[in-house]
Structures are given as C-alpha cells and as structure tokens.
Amino acid sequence: MMNTRSLLALLLSVLLLSCEQKKTATVEEKPVEEYRPAFHFTPPQNWTNDPNGLVFYDGEYHLFYQYNPYGMTWGHMSWGHAVSKDLLTWEHLPVALPEFLNDKGDSTMIFSGTTVVDNNTSGLCEGKDCLVAVYTAHIHKNGEGLKQYENLAYSNDKGRTWKQYDKNPVLDIGLKDFRDPKIFWHDATKKWVMVLVVPDKFKVQLYESTNLTQWKLLSEFGNTGDAAKIWECPDLYQLPVENEQGKKKWVLSLSGSHPAGPRFVGMQYFVGEFDGNKFIQDKNQPDTSYVEYGKDFYAGIVYNHLPAEDRTVMIGWANNWAYGNKIPTVGYRGAMSLPRELSLKKVGPVYKLIQKPIREAVALRDEEIKEAGQAAGKQLEIELDLAADTDAGIKVFKSGDEETSIGYNSKTKELFIDRTKSGKIDFHPDFSSIDRVPVDGKDGKVHLHIFLDSPIIEVFANEGEAVVTETAFAAANGFKIEPYGNTTNLKVWKLKSKSK
Ligand code: FRU
C-alpha cells in the first residue's frame, strides 16, 4: 500500500512531467507558427517595410528600416535600426528616427531615405566625419498625407543617437508626393548627387549639392519604363560588366509595378550613362526591364561607402504591398531579402542585371547533407541542374499535399515558382500564385541556386541571370525537398541560424 507521502510525491511528479511536456510542445510549435526566418533580417517585433539608409561606416553595416514601433501593420513610420559585421548577423539597436511633431505642430512620419558618411561637407560633424541621413518627412492629418519634403538628421556617435537639422527641410518643392531620396558621392565631379521621385508623375529627379543641406535641380528622368503604378525608392549606381573587361555602366533602379500587373508591386531598372548631370538610358536597352519576377522583392536600394569598391550590395523588402499587411507571421511582419551582389552582363546587344547572393553567405553552411534527395529542413541551401529540354524542378517545404514547386517549363522556357499549394494561402486573395520568369538553358541546363529560410525562398538561376524571391507559409512540419524530372548535380547544405 502507498503511504500518503509517496502518493503526494507521485502526483507531484506526474504534474511536473505534464508541465514539462507542455513546455516542449510549445517550443516545437513556436517556429512554425511564427514563420520567423533564421538568417534573414526581421525586426524584433512589429511591422517593417523598406530598407533605408544602407551605409557602411567604421566596420559596421547599418540597416535602417521603415518601422512601426507600435503595431503589426503599416503606421507611425519611423526608422528602425540594426548593425552587422557580416550582413548576416544583426544586432538590434533602438529606433533611430521616431515620428515627431514639428515646430508648426505637424505630425511628421519618417519615410524612406538615405544615409551617407559625410567628411564634414555639411559642417555638422564634430570630428573628421559623421553620418548624415536625408529622409522624406511625411506630413499627415487624420490619416491623410498632406505634404512631403526632405529633411536631414545627423549622428556623431556612429548612428546611436540622432539630431534633426535645425534648418529643415533641405528640399521642398511644395508637393504632396515627393519622396525616397537616395544620395551618393559622385567622385568624378566631387559632389553629392540625390535621386528621388515624383511618384504620381512617374518621374525621377536628380539634384546636386556640395554640403548636403542646399540642393540644386540637375535633370529629370521619365516617360519610359513601366508606369502602370506610382514610382518609389529610386537608386543610381555604377556596375561592372562581367563579360567586358574593365567596363562599367550606370544603372537607375526603382520600385513600381510588377511584371504580373499593377495589382502587385515590383522593381525595374534602366542601364545607361550618367555624366554627373543627366542619366540617359542606352538606345539598345529595352524600355522596361524588371529586377525580379518573384512577388516578394521591393524597395531595394544599395549600400553607400562599401569598403571593397569592387562590389555593390542591394537589400530589398521581402514582401508585397498587395497582401503585405496580411501575411500570417506572428510577432513581427516583414523581412529583408538576403543581401545580393549586383553586376551587369552583356547578352546580345543588351546589358542585363546580374544578382548573386552575397559572398558571405557561404559562412551560413553547416554540414552538406549526404542523402541530398531526402533532405528536409527550414533552412537549406540547394544547388542543382535542370535539363532544359524536359520539365524538371524541385519541390520544397513539402509535407503531405503541401508543397512549393520551383521548376522549368521547357516549352515556354520559363522558370516558375508555384505557391498555390504552399500551406497558408487564404489570408489574402492575391497571395496564391504561379510566377514565371524567362530563362534560357546554358549547355542544355538551367542551374538553380536556392536559399530556403522559411518563410522566404530565393532562387538564383544561371549564376544570377534571373532571381525569384517569394514567401511561402508552409503550415506543416515536414519541410522535405523532392526533385522531379531530369535533374543532376544536386547538393544540399543545412544552414546555420544567424539573425534573430
Ligand atoms: C515604399 C514606400 C515609400 C515610402 C515608404 C513609406 O514601400 O511607399 O515610397 O517612403 O514606403 O513607408
């Protein structure tokens, strides 16, 4: 017979055991429910959209980002802030630029903008240099935008604290929509150049300055490209041409409509020359070229002042305004793409944008999986070749009937990603989709380099000639991969977790 003491001890241990099991169950379920990627940047909590003010300074890559400190949908726009030493592991810092009331009592949100390292051309630096940010001040009342102009803020402690310039704004042409300044140092003419947009006129304006506080209009660019949706977040930079030794061309990229139509947002680019005054697209270039055919890459801009002059690194927002406020993530909403390295390649008479995962990404590799065909995981890197004359591909995030397919249609010569069976798709009618991008086979093959970081999928095809970024919210626990059709050279690596 059990005495009362042993009975009590038994009860207690049963109770403890059931608590313990509950705990384990929560720990296992949480990542599935949260849909938080492991090595893509996400804010610690709440909403984010565009990356802002990308700049390298004193050993740190800064990532500012459009941020709502108070909620899980767009609003109260401020600049969130994080720093990194390798573009993969991010340290979260306090909000850099919060929304505020200006002297006139106007509610001012901090919209997208840029950060530069100023060697005191502004006279605002306490030492030899400092960080200067120029952003769009969005003046609003009762939920209505009234006015947009460009403000300046500066930091003398590596971006940890910021002061608003006391003579703001630095550029105001009296428009309701006038935004997203990107500034860079134009070495050939020794001046600062700013590009920004008049969104509803589908127009990029270029300005110059010697001190970051006074700006003079240089020229305008427009009347071309895809104007089915307002233009936002322009950028202008020079890229090397991979297959023309020593050659560089200027690229103007911006955000607007999507190749699948103006229900969605996407990015386009123009290739030509910039002489310090005017950007002119080359005659041979098509009127419209898209950066991506995936649905989840928007508002991409490139880093300023990178240490190695040999590369240009872009980060975009891995989401789409069509359904962005509804994606079923828990605890945060919105993520940044993997940083990518940009260059150009001459294909026939046309310069094409080439995008590759940053070289630092190899450090994410953990072990290579021996039985690659049976691999499973939320964080995987995959390489494989698809035979271009048959229909072949790979299913990912697979379990039971759920899967996301990445494949090649040999008849239409298109790479596609199909997320119509990818798990949670009903949170918005515009989410479920099959997206397609034209890709030519090389020596009878299409090479795919894939990064999976649930819920983000990035597919780099044929050494960066096409990229597809998509989110897929797989609800189940399986996360298997399954090649189909004629595929060869499959390699799969488990990837380490970096950002949190
Ligand atoms: C692009 C954008 C920008 C604007 C910001 C506001 O996604 O609309 O034009 O500055 O987001 O959050």
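In this predicted model, the side chain of D50 has an N or O atom 2.7 Å from an oxygen atom of the ligand. Two tryptophans make comparable approaches to ligand oxygen: an N or O atom in the side chain of W74 is 2.9 Å from an oxygen atom of the ligand, and a polar side-chain atom of W321 lies 2.9 Å from one as well. The ligand on its own would expose 320 Å², and the protein buries 96% of that area. Elements that contribute two or more residues to the surrounding shell are β1 (46-57), β6 (107-118) and β10 (179-186).

A walk around the ligand meets N49, D50, Q66, W74, M77, F111, S112, R179, D180, E232, Y298 and W321. By character, this shell divides into five nonpolar, three polar and four charged residues.

Stepping back to the whole chain, there are one helix and 33 strands. The radius of gyration is 24 Å, close to the 23 Å that the globule rule gives for 500 residues, so the chain is as compact as a globular protein of that length. Along the principal axes, the C-alpha atoms fill a box of roughly 90 × 65 × 40 Å.

Two of the sheets help a newcomer to find a way through these strands. In general, strands of a sheet pair through backbone hydrogen bonds, in either a parallel or an antiparallel sense. One open sheet has four strands in the order β14-β15-β16-β17, with antiparallel pairing. Its edges are β14 (232-240) and β17 (279-281); each has a single partner strand, so one side of each is left without a neighbour in the sheet. From one strand to the next, the twist in this sheet averages 40°. Seven bridges pair β14 with β15 (residues 248-257) in the antiparallel sense, and L236 stands opposite L252 in β15. The shell around the ligand also includes E232, the residue number at which β14 (232-240) begins.

Another open sheet has five strands, ordered β28-β27-β26-β25-β32, and its pairing is antiparallel. Here β28 (434-438) and β32 (480-484) are the edge strands, each pairing on one side only. The twist in this sheet averages 15° from one strand to the next. Within the sheet, β26 (residues 402-409) and β27 (residues 414-418) run antiparallel and are joined by five bridges. Across this pair, Y408 stands opposite L415 in β27.

Technical notes:
Residues numbered from 1 in each chain as written. Predicted model: local features only at pLDDT ≥ 70, side-chain atom pairs only at ≥ 80, totals over all residues. Heavy atoms only, no water. Near = heavy atom within 4 Å. Polar contact = N/O pair within 3.5 Å; in protein donor to acceptor, adjacent residues only side chain to side chain. Areas by Shrake-Rupley, 256 points an atom, 1.4 Å probe, with all protein chains shown as cover. Nonpolar A, V, L, I, M, F, W, Y, C, P; charged D, E, K, R; others polar. Pairing = 2+ DSSP bridges. Axes fitted to C-alpha atoms, helices over the stretch in contact; angles between N-to-C directions. Rg over C-alpha atoms; globule rule 2.2 N^0.38 Å.
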